[in-house]
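Reader: I'm new to this, and I'd like to learn how to read a protein model. Could you walk me through it?

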Amino acid sequence: MEFTGMIIDDEKIVREGICDLIDWKAEGYRLMPNGKDGREGLAGILKYRPDLVLIDIKMPGLSGLEVIQEAKKQGFSGHFIILTGYSEFEYAKTAISMGVEGYLLKPIDEEELLQYVRQIRKKLENEAYLSSYHSKNEDKARQELLRRVVLNEDTKENLGRDIGLYQLPVEGGCLCVAICREDEGKAENEGGRFLEKVNILMEGDSACIGMFSMPGVAVLVAKSVTYRQWKSRIEKRNKRLAGFYGSGFRIAIGNNVHNWQELFCSYESASYLLDQSFIFDQDEILTIDLICSLEESREAVSVEYLEMLIEVGEIKGIRQAMDMFRDYCAWHMLKSAEIKILLVQELLQLQMRLQKKYASEALSNESLQPSIHKLMGAEDMKGLLECFEKVLSGLSQEVCTGGSGNIIRRVYYYMEKNYDKDLKLETIAKNFNYNSAYLGKLFRKEMGESFNNSLDIIRITNARRLLQETNLKVYQISEKVGYGSIDYFYIKFKKYVGISPKEYRKNLKGEE
């Protein structure tokens with residue numbers, strides 16, 4: 001530990017002699033620029049704030065006693081040793097009554113100087129230790145108070161009193177809470193590595209007014225920024241942290257509150273979001289905006305729908321179903337265990353339904369066991385859905401390899417999804433790698449109707465729905481269901497319904 005010293009004397013030979021008399025560096029001191037008189041010495045004391053000052057009693061401008069008195073008046077708390085001759089001994093006694101550590105008679109004795117220097121260094125070391133001890137304990141007390149405030153663990157009266165006592169800066173301005181947690185499976189929580197990373201994350205962030213730690217997490221409090229502004233700042237810092245350490249944090253930021261009494265609400269919001277991090281695995285920083293951005297309540301992806309996608313080989317549809325399932329889980333805030341169990345249940349139901357229709361070893365219960373283990377062991381939503389999608393695609397590949405009925409189901413499903421386009425059997429046959437004439441025969445055999453008749457039925461069914469559910473004009477509905485000519489639409493509609501589209505709509509209104 002190094003301390004600073006200063007020599008103030010109007011005699012150059014005395015200043016230089018004291019500098020050379022002992023090895024100041026070896027004694028734990030670094031000498032600051034000397035003072036040539038009282039005024040220059042006072043200016044140096046107030047500028048450099050040395051730990052030890054050796055000062056002459058009698059100097060031009062300001063005397064040593066005047067310098068000591070003025071320095072103490074301006075808050076200087078360092079140690080003084082006065083330099084004096086025999087004729088100024090009375091001054092020395094006055095200085096000692098002002099709190100000066102001692103006096104040295106000129107000419108200065110080396111042993112006497114060393115004794116004072118070492119004695120004062122010991123005092124300085126004790127003072128530094130006590131200061132550090134009290135500072136650390138005060139920091140701990142402030143952290144504990146912040147924890148009590150955020151977790152709402154005391155009465156408002158007691159918390160308000162302690163906030164004033166420790167001058168906790170939670171008054172005025174909006175506040176919000178963030179919770180940091182290591183990604184699953186990281187070992188940095190052990191020892192001091194976790195808190196070291198948190199300190200680096202928040203270093204220099206003027207918005208963060210305090211933090212405290214709990215098992216596995218660190219809780220931060222920000223002031224005078226909105227949660228969106230804080231998210232933007234933390235996001236950049238977290239990326240830099242990840243670049244340095246190889247991994248950042250999963251962070252949830254609660255909503256803004258307007259006084260410290262409501263900080264608990266912001267903490268609860270952040271804690272709730274962190275619990276949903278399995279679902280929101282694509283976002284490192286979680287805020288309430290993720291929930292607000294969700295659309296209205298999504299329906300669950302039914303087993304029947306997944307079965308149809310598997311049977312017709314609609315791989316793209318299976319991928320879209322995974323996105324729908326993610327939205328459903330997010331909207332209903334399902335826990336990771338609930339999501340995994342739900343998918344396993346659906347998989348087992350699919351296996352039983354498909355096993356009744358198709359005899360295959362790949363559809364047996366035993367063959368699905370490895371996939372079930374993978375689903376249950378998934379660490380995040382992305383990995384879970386990728387695993388489930390792979391299983392469904394494998395089932396689809398198994399189911400679609402045999403029987404002409406499967407290809408016709410796929411074609412019919414394609415027609416139901418694309419009836420508004422200019423569909424032709426030749427184009428579809430090419431897409432499915434079939435001869436168009438052969439596919440037409442298979443289609444009539446399986447469906448009992450020709451391709452064109454089936455397409456007309458699909459289109460007219462949807463036209464009736466649009467006439468009933470919308471206020472679209474007839475020509476608009478004609479275009480929406482895939483008929484380029486309104487006259488042709490009228491002919492087909494009358495053929496399958498018995499009346500024109502206008503009469504159909506008029507009858508509907510009459511029934512109402």
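Author: Let's go through some sheets, a few loops, a pocket and a helix residue, one at a time. Keep in mind that this is a predicted model.

Reader: Okay, sheets to begin with. How do strands hold on to each other?

Author: Strands of a sheet pair through backbone hydrogen bonds, either parallel or antiparallel. Here, one open sheet has five strands in the order S2-S1-S3-S4-S5, and the pairing is parallel. Its edge strands are S2 (29-31) and S5 (102-105), each of which pairs on one side only. On average, neighbouring strands in this sheet are turned by 25 degrees against each other, direction ignored.

Reader: Which bridges can I look for between S1 and S2?

Author: S1 (residues 3-8) runs parallel to S2, and three bridges join them. To find one, start at Gly5, whose bridge partner in S2 is Leu31. S1 also runs parallel to S3, this time with four bridges. Try Met6 there: its bridge partner in S3 is Val53.

Reader: And how many bridges join S3 to S4?

Author: Five, and that pair runs parallel too. For instance, Asp56 has Leu83 as its bridge partner in S4. To get from S3 to S4 the chain passes through helix H3 (residues 64-73), and this β-α-β crossover is right-handed.

Reader: Side chains next. How do I tell which way they point on a strand?

Author: In a regular strand the side chains alternate between the two faces of the sheet. Look at S3 (52-56). Leu52, Leu54 and Asp56 sit on one side, Val53 and Ile55 on the other, and all are buried, leaving both faces of S3 covered.

Reader: Why is S3 described as largely enclosed by the rest of the structure?

Author: Because five of its five residues are buried. Helix H2 (residues 38-48) lies across S3, as well as across S1 and S4 (79-84). Compare directions while you're there: H2 runs at about 170 degrees to S1.

Reader: You said sheets can be parallel or antiparallel. Where can I find an antiparallel pair?

Author: Look at S6 and S9 (residues 249-253), which pair in the antiparallel sense over five bridges. One example is Glu182, with Phe249 as its bridge partner in S9. Helix H8 packs on this sheet, touching S6, S7, S8, S9 and S10, and its direction makes about 175 degrees with that of S9. Helix H9 (residues 263-275) packs on the sheet as well, touching S6, S7, S8, S9 and S10, but its direction makes about 30 degrees with that of S6.

Reader: What is the strand order in that sheet, and which strands stand at the edges?

Author: It's an open sheet of five strands, ordered S7-S8-S6-S9-S10, with mixed pairing. S7 (208-214) and S10 (285-286) stand at the edges with a single partner strand each, so one side of each has no neighbour in the sheet.

Reader: Loops look like spaghetti to me. What should I check there?

Author: Backbone angles are a good place to start. Lys106 and Pro107 are joined by a cis peptide bond, with omega about -10 degrees. Pro107 is in the loop between S5 and helix H5 (110-150). Then check phi: Gln167 has a positive value near 50 degrees, and it is a residue other than glycine. Ser224, also not glycine, has a positive phi near 65 degrees.

Reader: Where are those two, and is Gln167 buried or exposed?

Author: Gln167 is in the loop between helix H6 (156-166) and strand S6 (175-182). With 64% relative accessibility, above the 50% cut-off, Gln167 counts as exposed. Ser224 lies in the loop between S8 (217-223) and H8 (227-245).

Reader: What would a buried residue look like, for contrast?

Author: Try Ser478 in helix H20 (residues 474-480). Its relative accessible area is 1%, so it is buried. Leaving out residues up to four places away in sequence, Ser478 touches Tyr483, Ser485, Ile486 and Phe489.

Reader: Last one: how do I read a pocket?

Author: Ask about its space, then its lining. The second largest pocket holds about 230 Å³ of space. Eleven residues line this pocket, and the closest to its centre are Ser371, Lys374, Cys387, Lys390 and Val391. Helices H14 (365-376) and H15 (381-399) are the elements that give two or more residues to the lining.

Methods
Residues numbered from 1 in each chain as written. Predicted model: local features only at pLDDT ≥ 70, side-chain atom pairs only at ≥ 80, totals over all residues. Heavy atoms only, no water. Pairing = 2+ DSSP bridges. Axes fitted to C-alpha atoms, helices over the stretch in contact; angles between N-to-C directions. Contact = heavy atoms within 4.5 Å. Buried < 20%, exposed > 50% of the residue type's maximum accessible area, 1.4 Å probe, protein only. Right-handed = clockwise from strand over helix to strand, strands pointing away. 1 Å grid on protein atoms, 1.4 Å probe; cavity = no way out; pocket = protein on both sides within 12 Å on 5 of 7 lines; lining within 4 Å. Points joined across faces, edges and corners; volume = space filled by probe spheres on them.
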